[in-house]
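Good morning, everyone, and thank you for making the time. Please take a moment with the sequence and the structure before I start, and then we will go through the helix pairs and after that the ligand.

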Amino acid sequence: MSEKRPEHPIDFKKNQEITLTIDDLGTNGEGIGHREGCVFFVAGALPGEEVRVRIMKMKKRYGYARLLEIVTASSERVEPRCPAARPCGGCTLQHLSYEGQLAYKEKKIRDCLERIGGVNSRHIDWLPILGMENSSKEVSSEGTPSKEAPPWHYRNKAQFPVRRDKDGNPAAGFFAGHTHNIIPVASCAIQHPVINEVMKSVLDFMKEFGIEPYDEEHHRGLVRHLYVRRGYVTGQVMACLVLNGTSLPHVDKLIEALTKIDGMTSICLNVNKKQTNVILGKEMIPLWGPLFIEDNIGDIRYRISPQSFFQVNPKQTERLYDTVLSFADLTGTERVWDLYCGIGTISLFLASALKKGGQVTGVEIVPEAVENARENARINGIQNVSFLCGAAEDVAEEQGVDVIVVDPPRKGCDAALLDTMVRMGPERIVYVSCDPATLARDVKVLGEKGYRVEKVRGCDMFGQGSGVETVVLLGRKNTA
Ligand code: SAH
């Protein structure tokens, strides 16, 4: 088994303590430092900082190290609000000022588009990133602008794993980075407070009635996840318990407790008996109220089922969709396709702007989401829209399309779909992406097939985390 150790100029070893100067932030917000030809990744460290670290894992030319001490702190460093910020791994940038977070995200988009996408950013219209509002309005007691990043309690959705904690009590929270050990979080700093309230209520119920949390190792126990959603405008709340089983003992008591919570609209169970990391199973069991909640974005009302995708930051979502609309530059008569349309959020936004006979076709793979989309068109009285259920790469096809909007999951567009989009020959493609790296990869392909990037705008949907949403406008080359 003994492999010959690769030669390093200096042979760094696991558990060795070294000092480093951090010079960059990686894709997930981790600090990056270089020493003797090796690269080290240090979660929690910031550019410009000198840090003492312990090497946890060493490969040939790179290693992962744990932050032990900040010898010289960055002026951008702030105190994280959440005690679990470091181990939880959800908010990988809580220790960075909000202005710093936005600069990091903007740079991440630019680096990806330039390095992977081959885009020359000087030749495009680059609009400043849309940061979460009041980002610089929080002022400290001395009257100086606070460096503390302000976007707290903005999320409208949580999926907390439920397990036993160290003392054997049911606990909900997060898995510690790359493990399935639970880190209990009594109150998550980025979730809406009512979501934390639901979590407490469910855990109290489980303790009182001895309901077993799931035990992954032995595939035993009952409650696997707690899934909660809240409508930002409507205040409607959905609580869904994901079970390794088909029924919940003392369910009446749970309903009694949950219905005391302000806005409670839908209580349901989801059955997931598989040994899998996928959170939701196929079967839903309604317990109280309808199997959906409703929310508004702008003037449009949306019905949202548990299985359907819905953006997690409702305030920023409206600004994101406004950007899509402005990039689409509609006159009212266009034929538009909205690929990966979810519950038809962007489709309906666009359709209601097409007042002169324009039409939208949405494509989505999850049947429940398509059902929501059709329902949403109906309840908003929007008729110039239709939805197709299927994989975008299989379903999209039409000539004479003016605008295509795509909003794929992290992995980006299927290669076959990029070909299809080009064949459909739209004047403009508006690409919405939650991963700048796959966006850039796809932009490169589209570039080779006749579309060039004209506009870019980042939008921060994930304050305190490292993720960022990007909207890119591509236009056909050689068109006036
Ligand atoms: N535009 C929507 C949804 C974006 S999320 C919104 O803003 O709310 C991406 C969506 O793509 C999800 O709803 C997911 O179910 C769907 N999806 C994933 N793979 C797909 C595929 N191959 N074809 C069509 N839709 C797909």
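**Helix pairs and the ligand shell**

Let me begin with helix α2, residues 98-115, and helix α10, residues 436-448, which pack with their axes 8 Å apart and at an angle of about 30°. Please keep in mind throughout that this is a predicted model. Angles under 35 degrees count as roughly parallel, and α2 and α10 are therefore roughly parallel to each other. The crossing in which α2 passes α10 is right-handed.

For the newer members of the group, two packed helices are described by the angle between their axes and the distance between the axes. With that in mind, how do helix α3 and helix α4 pack? Helix α3 covers residues 193-209 and helix α4 covers residues 251-258, and they pack with their axes 10 Å apart at an angle of about 150°. That angle makes α3 roughly antiparallel to α4, and here α3 passes α4 in a crossing that is right-handed.

The next pair is helix α5, residues 314-328, together with α6, whose axes come within 10 Å and cross at roughly 50°. This makes α5 oblique to α6, and α5 passes α6 in a right-handed crossing.

Helix α6 also brings us to the ligand, since α6 (345-353) and α8 (392-395) each supply at least two residues of the shell around it. Which residues come nearest to the ligand? Of the 17 residues around the ligand, the nearest are Y321, T345, E364, A392 and D407. If we sort the shell by class, we find 10 nonpolar, four polar and three charged residues.

Let me now turn to individual atoms, where T345 places a polar side-chain atom 3.0 Å from an oxygen atom of the ligand. For E364, the distance from a polar side-chain atom to an oxygen atom of the ligand is 2.7 Å, whereas E393 has a polar side-chain atom that lies 3.3 Å from a nitrogen atom of the ligand. As for how far the ligand is covered, taken alone it exposes 580 Å², and the protein buries 89% of that area.

Notes: Residues numbered from 1 in each chain as written. Predicted model: local features only at pLDDT ≥ 70, side-chain atom pairs only at ≥ 80, totals over all residues. Heavy atoms only, no water. Near = heavy atom within 4 Å. Polar contact = N/O pair within 3.5 Å; in protein donor to acceptor, adjacent residues only side chain to side chain. Areas by Shrake-Rupley, 256 points an atom, 1.4 Å probe, with all protein chains shown as cover. Helix = DSSP H or I, 4+ residues; strand = E, 2+ residues; numbered from the N terminus. Nonpolar A, V, L, I, M, F, W, Y, C, P; charged D, E, K, R; others polar. Axes fitted to C-alpha atoms, helices over the stretch in contact; angles between N-to-C directions. Parallel < 35°, antiparallel > 145°, perpendicular 65-115°, else oblique. Left-handed = near helix turned anticlockwise from the far one by under 90°.
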